Amino acid sequence: MEYATLNNGIKMPMAGIGTFLLTPDEAEASVLSALQCGYRLIDTANAYVNEKAVGRAMKRSGLKREEIFLETKLWPSFYEQGDAVEKTLQRLDTDYIDLLLIHQPAGNYVAGYRLMEKAYKEGKVKAIGLSNFNEKQIQEILDICEVKPAVLQTEVHPYSQEKKLKEFLDKEGIVIQAWYPLGHGDKALQQEPLFTELGKKYGKSNAQVILRWHIQDGNIVIPGSKNPAHIKDNFDLFDFALTDDEMAKITALDKQKRYYTSTPEMLKKYVEMVPPVDEQK
Ligand SMILES: NC(=O)c1ccc[n+]([C@@H]2O[C@H](COP(=O)([O-])OP(=O)(O)OC[C@H]3O[C@@H](n4cnc5c(N)ncnc54)[C@H](OP(=O)(O)O)[C@@H]3O)[C@@H](O)[C@H]2O)c1
């Protein structure tokens, strides 16, 4: 495993498992399978309505809590609820969260950030960060924060490499984490001839080549999968390295194509949307 060092000195694994769109049963199975393969980073969110299942998988793995890096995200409709972090801890059945993010730049996200800062100072959260914020919104947080964000989680893959945003983050000491690292399963991306060629050279799948590119480019990855064989492959990334020339060829695939773009209307809806967190299995 390779690690990123966050701006408060905490070490974060460069590869983990994502749980977006997984039912509680699927999330429990995927996370358990991942932990058994050697993964130590798990990404979930209030809005995925599977935090209880993630907590169960962590317990079932038999690993000590401190062996796992647990990441989750506060949903906008909870930003002004004083006990949002405590309730998140209860669902995850844990005393602390390794990394807590503001999920969306929607509603009163400054209030959400203040909740996270408080939890950080109380030791309930070891690092805090942002998700889906653009440069201007990150700057707004930097201007008012007492605890600097350590991580930005946003959409990054070979078709949308976010080079300019990464320069800004580097300057601010914020690490980037890629969601949709495999383009949310887009076949056109995964079947790019360059990945097939490099896969043959290294004896790896196209997905493994893409994930290796991310790691060498400094992006922490959290691919999602329900398939145990894919889960195993997506962690088998640390016994090969792409050359500078191969990295440059992948850089040339960037076409600033995103699979998801939020609109002001969507952000407004997010604030009104209350995920049924208490009803989850
Ligand atoms: N912060 C945010 O707003 C946000 C938004 C979206 C996602 N995320 C996070 O990012 C994570 C990753 O996103 P994602 O799961 O939607 O997209 P992804 O990781 O880019 O792609 C997942 C898709 O790729 C397939 N896949 C996975 N491994 C594969 C492999 N080795 N070979 C071939 N296909 C493979 C999966 O199918 P199989 O099940 O068949 O393997 C699934 O269809 C999420 O789970 C979530 O934790 C965060």
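How far from an oxygen atom of the ligand does a backbone N or O atom of Pro 181 lie? In the predicted model, the separation between this backbone atom of Pro 181 and the ligand oxygen is 3.3 Å. A polar backbone atom of Leu 182 also takes part in binding-site geometry of this kind, at 2.7 Å from an oxygen atom of the ligand. With Asn 234, by contrast, the contact involves the side chain, a polar atom of which is placed 2.9 Å from a nitrogen atom of the ligand. On its own, the ligand has 900 Å² of accessible area, and the protein covers 84% of this area.

The ligand is surrounded by 27 residues, of which Asp 43, Leu 182, His 184, Ser 225 and His 230 come nearest. Leu 182 is thus one of these nearest residues and also supplies the polar backbone atom at 2.7 Å from a ligand oxygen. Classified by residue type, the shell around the ligand comprises 15 polar, nine nonpolar and three charged residues. The space that the ligand takes is the largest pocket of the model.

A further region concerns helix H8, which spans residues 193-202 and includes Pro 193. Pro 193 counts as exposed because its relative accessibility, 61%, is over the 50% cut-off. The C-alpha atom of Pro 193 is separated by 9.1 Å from that of Asn 206, a residue 13 residues apart from Pro 193 along the chain.

Conventions. Residues numbered from 1 in each chain as written. Predicted model: local features only at pLDDT ≥ 70, side-chain atom pairs only at ≥ 80, totals over all residues. Heavy atoms only, no water. Near = heavy atom within 4 Å. Polar contact = N/O pair within 3.5 Å; in protein donor to acceptor, adjacent residues only side chain to side chain. Areas by Shrake-Rupley, 256 points an atom, 1.4 Å probe, with all protein chains shown as cover. 1 Å grid on protein atoms, 1.4 Å probe; cavity = no way out; pocket = protein on both sides within 12 Å on 5 of 7 lines; lining within 4 Å. Sits in = over half its atoms within 2 Å of the grid points. Nonpolar A, V, L, I, M, F, W, Y, C, P; charged D, E, K, R; others polar. Helix = DSSP H or I, 4+ residues; strand = E, 2+ residues; numbered from the N terminus. Buried < 20%, exposed > 50% of the residue type's maximum accessible area, 1.4 Å probe, protein only.
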